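Please open the structure in your viewer and keep the sequence panel beside it, so that each selection can be followed in both.

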Amino acid sequence: MNHLNSRLSYAVGVLIVSCALFLLVTARSAVVVAAQAPSTPTLTIKVIGARNPKGKIGVALFQQAAGFPEDTSKAIRAQDVDIDTNTMSAQVVFGDLPEGVYAISVRHDENSNAKLDKNFVGIPKEGYGASNNAAKKRRAPKFDEAKFLLNGTGQTIEIKLIYWEESYDR
């Protein structure tokens, strides 16, 4: 009987060690697969320089020149957010984006009419901006001036709002 108990104990021990090794190998394989799985980048857009907390900040993300910067129906993502009254800024996070070339346009929609208001000659009455902080010109920024490459797991872009009226007041 002792001999049978000893063989049974040995068999149970081998079985336990085999199961433990199997679980260890399976767990390590899952970690390797997870590490090799492609990640999708997250894009954080910080909009700074709002002249007041009225209305919303509109952020639109484009993958091509069509519609950029004002036709948000052609953007792949668009969101309106409140302005932080302490910092006079706003932030939007777009997750689960494929790597690639993008451009961002922003507007300070002070009167909440979902568009960038302009005067009779086409100069914006409200704040606007674009990725790469495209320079103030007598025309809207172009996609090529605002484009950037999104790669990796995360990226933050800061855009400063431009107000035409303020430049004439100084």
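The tour below goes from a pocket to three single residues, and the model it walks through is a predicted one.

**Stop 1: the largest pocket**

Begin by selecting Pro69, Glu70, Leu116, Lys118 and Tyr128, which, of the 28 residues that line the largest pocket, are the closest to its centre. The volume of this pocket comes to about 430 Å³. To see which elements contribute to the lining, colour strand S2 (56-62), strand S3 (77-81), strand S5 (100-109) and strand S6 (128-130), each of which gives two or more residues to it. If you then colour the lining by residue character, you will find 14 nonpolar residues, six polar ones and eight charged ones.

**Stop 2: Val59**

Stay with strand S2 and select Val59, which lies in that strand. Is Val59 buried or exposed? With a relative accessible area of 2%, which is under the 20% limit, Val59 counts as buried. Show its surroundings next: leaving out residues up to four places away in sequence, Val59 touches Ile45, Val47, Arg77, Ala78, Gln79, Asp80, Val92, Phe94, Ile104, Ser105 and Val106. A C-alpha to C-alpha distance drawn from Val59 to Ala90 should read 9.7 Å, for two residues that stand 31 apart in sequence.

**Stop 3: Ile159**

Move now to strand S8 (residues 154-160) and pick out Ile159, a buried residue whose relative accessible area is 0%. Draw the C-alpha to C-alpha distance from Ile159 to Ile45, and you will see 7.4 Å in space between residues that are 114 apart in sequence. Ile45 is also one of the contacts of Ile159 once neighbours within four places in sequence are set aside, and the others are Lys46, Val47, Ile48, Ile104, Val106, Gly129, Ala130, Ser131 and Asn133.

**Stop 4: Ser131**

From that list, select Ser131, which sits in the loop between S6 and helix H2 (143-146). Although placed in a loop, Ser131 is buried, with a relative accessible area of 0%. Which backbone atom does the side chain of Ser131 reach? Display the backbone nitrogen of Ile104, and you will find the side chain of Ser131 reaching it at 2.9 Å. To complete the view, add the residues in contact with Ser131 beyond four places in sequence, namely Ala103, Ile104, Glu145, Ala146, Phe148, Ile157 and Ile159. Ile104 can be left on display as you step back through the stops, since it appears among the contacts of Val59, of Ile159 and of Ser131.

Technical notes:
Residues numbered from 1 in each chain as written. Predicted model: local features only at pLDDT ≥ 70, side-chain atom pairs only at ≥ 80, totals over all residues. Heavy atoms only, no water. 1 Å grid on protein atoms, 1.4 Å probe; cavity = no way out; pocket = protein on both sides within 12 Å on 5 of 7 lines; lining within 4 Å. Points joined across faces, edges and corners; volume = space filled by probe spheres on them. Helix = DSSP H or I, 4+ residues; strand = E, 2+ residues; numbered from the N terminus. Nonpolar A, V, L, I, M, F, W, Y, C, P; charged D, E, K, R; others polar. Buried < 20%, exposed > 50% of the residue type's maximum accessible area, 1.4 Å probe, protein only. Polar contact = N/O pair within 3.5 Å; in protein donor to acceptor, adjacent residues only side chain to side chain. Contact = heavy atoms within 4.5 Å.
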